[in-house]
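Please open the structure in your viewer and keep the selection tool at hand. The tour below proceeds one selection at a time.

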Amino acid sequence: MQKMNHPLLKEHHHALREQIRHFAETEIYPLAAELDEKATFSEHLTRRMGQMGLFGMCIPEEYGGRNLDTLSYIIAVEELARIDGSQAVTVAAHNSLGLGPIHQYGTPEQKKHYLPKLVDGNRLWAFGLTEPNAGSDAKNIATRAEKTSDGWVINGEKIFITNSSSALAAGMTLLACTGENAGKKVYSTLLVESNAPGYRKEPILNKMMWRAADTGRVYFNNCKIPAENILGQEGQGLRIMLETLDSGRLSIAAMGLGLAQGAYELAAKYAKKRVQFGKTLINFQNISFKLAEMQVKIELARNTLYHACWLKDQGLPFGREAAIIKLYTSEIAKEIADEALQIHGGYGLIKSSDIERFYRDQRILQIGEGTSEILKLVISKYV
Ligand SMILES: Cc1cc2nc3c(=O)[nH]c(=O)nc-3n(C[C@H](O)[C@H](O)[C@H](O)COP(=O)(O)OP(=O)(O)OC[C@H]3O[C@@H](n4cnc5c(N)ncnc54)[C@H](O)[C@@H]3O)c2cc1C
């Protein structure tokens, strides 16, 4: 594999990319089409990704993590998405949305209790923000948690939650209303284990994309958790969830970049092989220009994403850059998957072609963790 030239890439980044690329090509790729076709979440691959150290990548070693920088984690997600979006999101949702807030806002006791058992791929942790009547409008959540003499009692439901319904789903960081102050809702974040009484999970079936990833719906019916399971302070919940989404957007961007790279490579390979009018497609300028435009978009996306990772690792504000690159990569993933499919002609529309799966998988990227429209609202606040 040719080393990528980029000023932010160090030797350990190159080594990690090579390791994950090899793993994704040899262990994920042979299973990806069938898992997608059968819409099956793979415990086997999840555990293998755990053995590869893909869960808890940025968690300190004292909690069993690898203590890697953000760029390393992003490269891993990018390489998984180059082969299979479903495995990429399983890793990304667990690392950035699941472990991220516990690592960032947890007390030493909470970190000691949760993190070591969530770094090996045997248990997954989810991020419960979205509800049936609260998608983009997060403040409209209806899930409530009442404080009692010995803990919290939760009632409500969460929908479209990644890593929340499989046998490996161990619980979630959840946003709930915990009261009112001067007529305004008070939001708090709670850590809820899936074996808590009153916790019920079910899978959402028949997705068009990420068919091998676990997306679930979770119901809380007088669900009881201990008092110490609050993450941060009462009233900080919305801020914790929204700040977590800044990091989550880097992951979605990595998925868009990896998917775009994979689709580009599929199209380039096909264009060099398919002969029409006595020439390979690549010899038609119309086709080679499409591939050139893909390269331009991928190059710009990679530079901006890696820069946003660098900002985060320097402790500098990166919310604007994360929103920009999430919006950009999810949109170019759509354009590139579409053009890559066009290059495949009719064969691209048949399930046996990999590009067909890429074409479906890109569609979530403009919706999850802030739709493209909401991201424009976020970015416009910086004008
Ligand atoms: C496969 C999958 C996995 C997911 N994983 C998770 C997860 O792990 N955790 C989690 O909490 N959520 C998760 N989500 C939920 C996801 O984040 C929401 O679907 C997303 O935020 C959009 O919410 P919505 O679907 O309710 O759409 P809505 O908010 O109803 O939006 C519908 C349309 O209206 C537009 N719109 C809404 N408000 C405005 C506005 N003010 N201005 C302009 N346009 C607007 C939107 O852009 C969109 O086009 C997941 C979703 C899917 C499909």
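Select Arg 144 in this predicted model, and then find Asn 155 of strand S3, which stands opposite Arg 144. Next, extend the selection to the whole of strand S2, residues 144–148. Strands S2 and S3 run antiparallel and are joined by five bridges. Between S2 and S3 there are two residues, and the two strands form a hairpin.

Keep strand S3 (151–162) selected, as S3 is among the elements that give two or more residues to the shell around the ligand. Add the others to the selection: helix H4 (85–105), strand S1 (124–128) and helix H10 (372–380).

Now select the ligand itself. Which residues are the closest to the ligand? Of the 21 residues that surround the ligand, the closest are Leu 129, Gly 135, Ser 136, Thr 371 and Glu 373. Colour the shell by residue type: eleven of its residues are nonpolar, eight are polar and two are charged. Then colour domain 2 (125–235) and domain 3 (239–380) separately. Both domains give residues to the shell, so the ligand lies between them.

Proceed to helix H6, residues 237–273. Helix H6 supplies 18 residues, the largest share, to the largest nonpolar core. That core has 115 residues, and those that touch the most other members are Val 77, Leu 190, Ala 263 and Leu 305.

Finally, centre the view on Leu 305. Leaving aside neighbours within four places in sequence, Leu 305 is in contact with Ile 74, Leu 250, Ala 253, Ala 254, Leu 257, Ile 325 and Thr 329. In soluble globular proteins, nonpolar side chains tend to be buried together.

How values were computed
Residues are numbered from 1 along each chain as its sequence is written. This is a predicted model: local features need pLDDT of at least 70, side-chain atom pairs count only at pLDDT 80 or more; totals for chains, interfaces and linings use all residues. A residue is near a molecule or strand if its C-beta atom, placed from the backbone, lies within 6 Å of it. Helices (H or I, at least four residues) and strands (E, at least two) are DSSP runs, numbered from the N terminus. Ala, Val, Leu, Ile, Met, Phe, Trp, Tyr, Cys and Pro count as nonpolar, Asp, Glu, Lys and Arg as charged, and the others, Gly among them, as polar. Domain bounds come from an automatic or database domain assignment. Two strands pair if DSSP finds at least two bridges between them. A nonpolar core is a set of buried Ala, Val, Leu, Ile, Met, Phe, Trp, Tyr and Cys residues joined through C-beta atoms within 7 Å. A residue is buried if 20 or more other C-beta atoms lie within 10 Å of its own, exposed if 12 or fewer, and partly exposed in between; C-beta atoms are placed from the backbone. Two residues are in contact if their C-beta atoms, placed from the backbone, lie within 7 Å.
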